[in-house]
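Here is a friendly briefing on pockets and domains. Have a look at the model first, then read on.

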Amino acid sequence: MYRLIYKDIRLLINYFIVAMPISIFFVIVFTRVYPGFGYAMGAFGIAAMFVIAIPSMEARNHSETIINSLPVLRTEIVRAKYLVAFLYAASGLLMMASAGWLVNISPLPFNLPYMNWKSVIITLILVSILISIYYPLFYRFYNQVVIFLINIVLFQLLFFFPSFISDYMNGHIDNSLVQQLLQLYLYTPWSLPLLGITSACLFLVVSYLFTIKIYTAKDF
Amino acid sequence: MDNVLEINNLIKSWPGFTLNLESLNLPKGYITGFIGPNGAGKTTTIKLIMNLIHKDSGQIKVFGQDNIRFQKQIRDRIGFVYDEGYFYEHLDPVLIKQIIAPFYSRWDEKAFQHYVNKFQIPLKPKFKDLSRGEKTKFSLALALSHNAEFIIMDEPTAGLDPVFRQELLDILSGLMQDDTKSILFSTHITSDLQRIADYICFIHQGKIVFHEDTDFILNNYIVVKGPNELLNEKTRSLFSGIREHSYGFEAMSRDRPEVRGLMDERVIIDRAGLEDIMLYTVREDSRV
C-alpha cells in the first residue's frame with residue numbers, strides 16, 4: 001500500500017512546489033484576517049488542494065484502469081487514499097508553520113503568531129470531514145461537473161467553518177448551548193477537541209467503509 | 001497441455017448486450033488472437049480477466065488460479081497493453097515508469113532500458129506528446145519489464161500505421177522464443193494475426209464462434225463462388241454468409257471436401273483469410 005501513497009506523492013511534486021509560496025501568502029493574509037484560525041485555514045487549504053487534485057487527475061486521464069490492473073487490491077487503493085490525506089494535512093501544517101517562521105525572521109514588517117496545537121487539531125478535523133464527504137461522492141458519481149460543484153461547495157463550507165462557528169458563538173453569547181460549550185472549554189479545555197476528533201474519526205470510519213463498498217463494486 | 005487462461009460459463013450482461021462464454025482455454029506458450037467485430041465483447045472479456053469489471057456468473061482462472069481470489073499474485077505475472085494509454089498525460093515516461101515499477105515484485109530495470117532503447121521510445125516529452133505508436137511501445141516496454149508470463153493486449157495496433165504494426169508483430173514473434181510466455185492479442189485487424197497467432201478465438205455478439213488452431217482455420221475455411229443454380233437445401237447447409245447476386249453467389253464454408261464433392265467444376269474455391277471468415281460469419285445470408 002505504501003506504493004500507492006508513494007504514487008500519489010510523486011504525482012503531486014509540482015503541487016508541493018506551488019504550495020510553498022502559496023503558504024507564505026496564506027500565513028500573512030489568514031493569520032491577520034482570521035487571527036485564531038489562520039494556520040488551520042491555510043493548512044486545510046493546502047491539504048484540500050492535494051486531496052482534490054489526485055482523484056481529479058486520475059479521472060481526467062482514466063488512470064483508474066491502469067491502477068486497477070496493477071497488483072493491488074481495491075481495498076488497498078481506498079485505504080491509501082484515506083491515509084495519504086493525513087500526509088497532505090501534515091504537509092500543509094508544516095508548510096504553514098515554516099511560512100510563519102520565515103515571515104517572522106524575514107525583514108518583512110509582520111509579527112505573526114506562531115502555530116499552536118489548536119491549529120493542528122482543527123486542520124486534522126477539517127481534513128477528516130473533507131475526505132469523509134469527498135471520497136464517497138467522488139467515487140459514486142465520477143463525473144467532472146458534479147465533482148467540480150462538490151469541490152466548490154464543500155471546500156468553501158469547510159474552509160470558513162471554524163471562523164463561522166467562532167463568529168456565531170461570539171454573536172450568541174447568551175445562548176444556553178453556547179454558554180455550556182464555553183463552560184466546558186473553560187474547565188476541561190481538552191474536552192471539545194476530544195469530542196471533535198472522536199466525531200471526525202467515527203465519521204471517517206463510516207465514510208471509509210462506504211467508499212470501500214462503492215469502489216469495490218465499480219466497473220472500470 | 002497447461003492452460004494460462006481458463007474461462008467457464010462466463011456471463012456478463014448489460015442492457016442490450018450479453019457476453020456468454022461457455023468455455024475458453026488458452027494454452028501456455030502460444031499467441032492467441034482474439035478477433036471479432038467492434039462491440040463483439042473482446043474488451044469486456046479482457047476487462048473481466050483483469051477484474052476491472054464484475055462478472056454476473058462463471059469462472060475465470062489465470063495460471064490455474066481464480067482471477068479474483070488471487071488477483072494480486074496473478075496481476076504480478078500479467079503484462080497489459082490497452083488500446084488507450086490511460087497513463088498520466090502530464091508526466092514523462094521516466095516518471096510514469098518510476099510510479100509503475102515499484103508495484104511489481106519482479107521488476108527488471110535492465111529489461112526496461114533494453115526495450116526503451118530497442119523501441120526507440122523518447123523519454124523526455126510528456127506522455128501526451130508521444131505519438132500513438134510511441135505510447136503503445138511504452139506500454140509494451142512496461143508490460144515486458146516485469147517478467148510477465150501472460151501478456152494481454154487489447155487492440156494495441158488500432159490506429160497505428162502498417163510499419164509500426166509490422167514492428168510490433170516482429171517484437172511479439174521474438175518474445176515467443178521464450179516458451180514460458182503466452183499472449184492474448186485482441187484486434188479487429190485480422191491480417192496482423194494471420195502471421196503470428198498460433199490460435200484464433202473468434203467472438204461475435206458476446207459468444208465464441210470458434211477457437212481453433214490458425215493453420216487449421218486457414219487450411220479449412222474456404223470462400224466459394226459459383227452460379228446460383230448450385231445452391232439448394234443441401235448445399236446451403238454447408239455455407240454461412242451466403243450472398244446471392246444476379247450473376248452468382250459467394251459464401252464461406254469450413255468443409256472443403258464436402259463442397260468439392262457436392263458442387264461441380266463451375267465453383268471457384270479460395271482459401272479464406274481471417275478477414276473473410278469474420279466478414280462471412282458476421283453478415284447474414286442475403287440476396288443482392
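Domain bounds come from an automatic or database domain assignment. This is a predicted model, where local features need pLDDT of at least 70, side-chain atom pairs count only at pLDDT 80 or more, and totals for chains, interfaces and linings use all residues. Residues are numbered from 1 along each chain as its sequence is written, and chains are lettered from A in the order in which they are written.

**Domains of chain B**
- The assignment splits chain B into domain 1 (3–214) and domain 2 (222–271).
- The centres of these two domains, taken over C-alpha atoms, are 37 Å apart.

**The largest pocket**
- A pocket is an open set of points on a 1 Å grid over the protein atoms alone where a 1.4 Å probe fits, with protein on both sides within 12 Å along at least five of seven lines; lining residues have an atom within 4 Å of a point.
- The largest pocket has a volume (the space filled by probe spheres set on the points) of about 1,000 Å³.
- It is lined by 28 residues, and F37(A), I122(A), I165(A), M169(A) and L192(A) are the closest to its centre.
- That lining divides into 22 nonpolar, 5 polar and 1 charged; Asp, Glu, Lys and Arg count as charged, Ala, Val, Leu, Ile, Met, Phe, Trp, Tyr, Cys and Pro as nonpolar, and the others, Gly among them, as polar.

**The second largest pocket**
- The volume here is about 160 Å³.
- Its lining has 15 residues, and those closest to the centre are E84(B), G85(B), Y86(B), E89(B) and K135(B).
- The lining residues comprise 4 nonpolar, 5 polar and 6 charged.

Technical notes:
Side-chain values use heavy atoms; hydrogens and water are left out.
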